[in-house]
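This report is meant to be read with the sequence and the model side by side. It begins with charged side chains and then turns to helices, loops and a pocket.

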Amino acid sequence: MSYFADAGQILIRFVFGALITLVVLRVLLQMVRANFYNPICQFLYKATNPVLMPLRRVVPSWRNLDVAGVLLAWLLSAIQLALLFALAGVSPKLTGLAVMAVADLIGFVLLLYMALIIVRILLSFFPGNARHPIVPLIYQLTDPLLRPLQRILPSFGGLDFSPMVAWLLITLARVLLVQPLLDLGAGLARGA
């Protein structure tokens with residue numbers, strides 16, 4: 001039975017990870033005002049519009065933040081956690097599940113940014129790929145994080161250390177913000 005539970009966990013994490021990725025990328029690309037005509041943006045909009053457009057009628061955006069998208073990503077994260085708990089035979093309390101879903105979503109976004117920074121570093125070694133539609137999106141997504149650091153850090157002969165500093169800050173945020181939230185949510189889920 002354990003093998004089936006492990007397989008179920010893998011499937012749940014894969015399916016919900018893909019769905020959360022679509023929604024989070026859409027929210028982030030709207031925040032940075034990415035080019036709507038980029039084919040990747042077009043795909044994200046077409047894939048998420050059937051759920052987000054009706055939800056937007058009830059939950060309005062706030063400035064550049066698509067609150068309906070954030071709510072949908074949080075809800076998907078909560079459903080994923082509920083399914084994983086159910087697969088383990090555990091019935092968590094709703095408040096704990098809600099807090100754990102917030103922590104899980106924040107951790108997901110931070111991990112996504114770590115991956116985007118690595119891809120941006122790798123792209124700097126291969127400047128010939130600049131015409132691919134994903135390249136400007138990666139730069140648009142990472143610029144709000146790296147530009148302030150580039151202004152603060154001194155120039156070291158053309159070397160940009162802002163990705164390393166951003167990676168360090170993201171890692172610290174995962175340890176100092178996400179993990180305590182997960183622990184709090186786990187305690188609330190158990191009713192402790």
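In which helix do Asp143 and Arg147 both lie, and how many residues apart are they? Both residues belong to helix α5, where they are four residues apart, or about one turn of the helix. The model discussed here is a predicted one, and the values below should be read with that in mind.

## A network of salt bridges around Asp143

Asp143 forms a salt bridge with Arg147, and the closest N and O atoms of this pair are 3.4 Å apart. Asp143 also takes part in a salt bridge with Arg120, for which the closest N and O atoms are 2.7 Å apart. Because Arg120 lies in helix α4 and Asp143 in helix α5 (residues 134-152), this pair ties together parts that are 23 residues apart in sequence. Taken together, Arg120, Asp143 and Arg147 are linked in a network of salt bridges.

The surroundings of these side chains can be described by their accessibility. Arg120 and Asp143 are both buried, and for Asp143 the relative accessibility is 16%, so this residue falls under the 20% limit for a buried residue. Arg147, by contrast, has a relative accessible area of 45% and is therefore counted as partly exposed.

## A salt bridge between α2 and the loop that follows

The search of the whole structure finds three salt bridges, and one of them joins Arg56 to Asp66, with the closest N and O atoms 2.9 Å apart. Arg56 is part of helix α2 (residues 39-58), whereas Asp66 is in the loop between α2 and α3, so the contact ties together parts that are 10 residues apart in sequence. Side chains of opposite charge can pair in this way when their charged atoms come close.

The two partners differ in their exposure class: Arg56 counts as partly exposed at 23% relative accessibility, while Asp66 counts as buried at 0%.

## Helices α5 and α6

Helix α5 has 19 residues and reaches 28 Å from its first C-alpha to its last, which is close to the 27 Å expected at 1.5 Å a residue. The helix nevertheless contains a kink of about 55° at Asp143, shortly before the proline Pro144. Asp143 is thus the site of the kink as well as a member of the salt-bridge network with Arg120 and Arg147. The buried residues in α5 include Val135, Leu137, Ile138, Leu141, Leu146 and Leu149, together with Thr142 and Asp143.

Helix α6 has 29 residues and spans 41 Å from its first C-alpha to its last, close to the 42 Å expected at 1.5 Å a residue. A kink of about 30° is centred on Arg174 in this helix. Among the buried residues of α6 are Ser162, Pro163, Ala166, Ile170 and Val178, and Gly185, Gly187 and Ala189 are buried too.

## Loop residues

The loop between α1 and α2 contains Arg33 and Ala34. Arg33 has a positive phi of about 55° although it is not a glycine, and its relative accessible area of 61% means that it is exposed. Ala34, on the other hand, counts as buried because its relative accessibility is 11%, which is under the 20% limit. The C-alpha atom of Ala34 is separated by 6.7 Å from that of Leu137, although the two residues are 103 residues apart along the chain; Leu137 is itself one of the buried residues of α5.

A positive phi is also found at Arg63, a residue other than glycine whose phi is near 55°. Arg63 is found in the loop between α2 and α3, and with a relative accessible area of 74% it is exposed.

## The largest pocket

The largest pocket holds about 470 Å³ of space. It is lined by 19 residues, of which Arg13, Gln80, Leu81, Asp104 and Leu182 are the closest to its centre. The elements that give two or more residues to this lining are α1 (2-31), α3 (67-87), α4 (94-125) and α6 (162-190).

Helix α4 provides the largest share of the lining, with seven residues. Sorted by class, the lining is made up of 11 nonpolar, five polar and three charged residues.

How values were computed:
Residues numbered from 1 in each chain as written. Predicted model: local features only at pLDDT ≥ 70, side-chain atom pairs only at ≥ 80, totals over all residues. Heavy atoms only, no water. 1 Å grid on protein atoms, 1.4 Å probe; cavity = no way out; pocket = protein on both sides within 12 Å on 5 of 7 lines; lining within 4 Å. Points joined across faces, edges and corners; volume = space filled by probe spheres on them. Nonpolar A, V, L, I, M, F, W, Y, C, P; charged D, E, K, R; others polar. Salt bridge = Lys/Arg side-chain N within 4 Å of Asp/Glu carboxyl O. Buried < 20%, exposed > 50% of the residue type's maximum accessible area, 1.4 Å probe, protein only. Expected span 1.5 Å × (residues − 1). Bend = angle between axes of the 7 residues up to and from the residue.
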